[in-house]
Amino acid sequence: MNSTVPFQRAASSDGFPERRFQVFTARNLERIPGVSRLSAEQRFAMEVVASVLPFRVNEYVVNELIDWGRVPDDPIFQLVFPQRDMLAPESFARMAEAIRSGADRSAIQLLAREIRGTLNPHPAGQMELNVPQHQGESVEGMQHKYRETVLFFPSQGQVCHSYCTFCFRWAQFVGDKELRFASNEADSLLDYLRGHPQVSDLLMTGGDPMVMKTRNLAQYLEPLLEPGLEHVQTVRIGTKALTFWPYRFVTDKDADELLRLLERLVDSGRHVAIMAHYNHPQELSTPIAEEAIRRVRATGAEIRSQGPLLNHINNEASDWAALWRKQVQLGIIPYYMFVERDTGARRYFEVPLARAWEVYREAMKQVSGLGRTARGPSMSADPGKVEIQGISEIRGEKVFVLRFIQGRNPDWVQRPFFARFDPDATWLNQLQPAFGEKEFFFEAEYREMLEQARA
Ligand SMILES: *Cc1c(COP(=O)(O)O)cnc(C)c1O
């Protein structure tokens with residue numbers, strides 16, 4: 001096989017000079033040229049919000065992806081920069097007052113922690129129900145919610161090249177150790193996988209595993225090639241690096257080594273999927289972003305795309321149609337459209353479920369069949385991934401038609417069920433069963449699972 005050729009041919013010299021990774025945080029936000037041109041009031045609002053929610057952006061995103069002529073409406077600006085309304089007015093006012101009055105660091109941190117506590121830092125029972133047990137002990141840095149798929153959070157991969165303002169894992173980026181899922185134990189992952197032959201998929205996630213050096217990533221993935229782990233047929237890596245730092249796959253020192261690691265996994269017969277987080281076609285607008293995609297695909301790995309629907313960023317069908325069209329052109333397979341989760345700055349980003357479905361449907365109408373592979377809009381809720389299939393009227397009652405894409409019980413999957421239509425609902429827990437029924441079909445069983453887990 002000569003599949004390594006493209007990486008050797010596309011050496012860092014041909015058209016893509018190396019770029020130094022340079023990052024801005026709340027401490028040096030003012031040094032970003034575009035920010036220093038904003039009004040004093042806007043900059044102060046950023047400082048206030050960034051003292052509660054994570055903020056981190058790198059120079060490539062600032063200089064290549066944001067159209068500063070369109071700030072503050074530019075979607076990538078909204079995707080990475082703190083905005084005043086991301087905090088509730090009362091929380092904003094309290095933090096603004098603390099900063100204005102020159103409160104000391106510890107007072108600000110105490111207040112920040114209090115405000116974070118009001119933002120549902122742990123959505124979807126992740127701590128309680130998803131951490132697996134092995135030989136009587138909780139396995140660190142892992143979640144096993146759906147039978148086939150284990151999520152692994154390598155400890156060196158628990159940051160990102162930039163942070164998304166709407167991130168549902170935001171809590172782990174603001175320093176609360178107990179909020180962090182992480183493991184540096186390749187052995188415990190491999191032991192667990194060996195003991196669970198029903199697991200076909202390993203999903204490396206974070207943070208962003210692509211912030212890791214290739215040799216660290218290899219420490220988790222290379223052992224999959226050894227005997228005893230043949231049942232792990234699919235290796236997925238969740239990442240936003242194709243947007244935030246495409247140089248990871250092109251000119252970084254260990255970029256070629258990374259591609260060869262992917263290639264070795266492909267050659268072993270595995271399906272390797274880069275689960276790329278995308279929110280807006282602007283993320284695909286640079287030559288380096290396209291080159292990174294080309295190089296990943298040359299390894300034989302697939303790239304599938306997923307991301308939430310967000311007010312202020314991609315709340316138009318035309319955004320999604322353009323995103324999916326461009327992805328199909330570049331060989332990326334659209335996979336999921338998510339509903340923004342019930343955590344963090346969700347009030348700022350949330351979109352009613354009825355609107356989400358309309359955006360999805362209108363976008364679907366505008367693309368060919370190859371662009372219609374994204375499922376959604378899907379809520380990653382406690383009992384499972386619930387998709388809004390449509391809005392309908394049945395015997396005079398307006399309803400949401402729903403189905404599980406994934407369920408804590410695999411038998412819940414693909415059964416249509418119905419909720420009373422509610423034009424304002426933004427999450428599953430705000431929906432009521434239709435037709436006067438007391439609860440949804442899965443609720444009694446789900447309650448039992450919760451009780452068992454607590455016992
Ligand atoms: C979405 C998700 C998965 C993967 O589900 P697929 O339907 O296989 O893509 C696995 N674990 C958790 C916790 C998830 O939310």
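**The sheet and two pockets of a predicted model**

The second largest pocket in this predicted model holds about 870 Å³ of space.

Reader: Which helices give two or more residues to the lining of the second largest pocket, and from which comes the largest share?

Author: The lining of this pocket has 28 residues, and Ala26, Arg27, Ala50, Ser51 and Arg105 are those nearest its centre. Two elements, α3 (40-50) and α7 (105-117), each give two or more residues to that lining. The largest share, six residues, comes from α7.

Reader: In what order do the strands of the open sheet of eleven strands lie, and which are the edge strands?

Author: The open sheet has mixed pairing and runs in the order β5-β6-β7-β8-β9-β10-β11-β12-β13-β14-β15. An edge strand pairs on one side only, and this is the case for β5 (142-146) and β15 (417-420).

Reader: In which sense do β8 and β9 pair?

Author: Strand β8 covers residues 234-239 and strand β9 covers residues 271-277, with Thr239 standing opposite Ala276 in β9. Six bridges join the two strands, and their sense is parallel.

Reader: How many charged residues are in the lining of the largest pocket?

Author: The largest pocket, with a volume of about 1,000 Å³, is lined by 43 residues, and Phe168, Arg169, Thr205, Gln306 and Arg341 lie nearest its centre. Strands of the sheet take part, since β5, β6 (149-152), β8, β9, β10 and β11 each supply at least two residues of this lining. Its residues divide into 19 nonpolar, 16 polar and, as the number asked for, eight charged.

Notes. Residues are numbered from 1 along each chain as its sequence is written. This is a predicted model: local features need pLDDT of at least 70, side-chain atom pairs count only at pLDDT 80 or more; totals for chains, interfaces and linings use all residues. Side-chain values use heavy atoms; hydrogens and water are left out. Two strands pair if DSSP finds at least two bridges between them. Helices (H or I, at least four residues) and strands (E, at least two) are DSSP runs, numbered from the N terminus. On a 1 Å grid over the protein atoms alone, a cavity is a set of points where a 1.4 Å probe fits but cannot get out, and a pocket is an open set with protein on both sides within 12 Å along at least five of seven lines; lining residues have an atom within 4 Å of a point. Grid points are joined across faces, edges and corners, and a volume is the space filled by probe spheres set on the points. Ala, Val, Leu, Ile, Met, Phe, Trp, Tyr, Cys and Pro count as nonpolar, Asp, Glu, Lys and Arg as charged, and the others, Gly among them, as polar.
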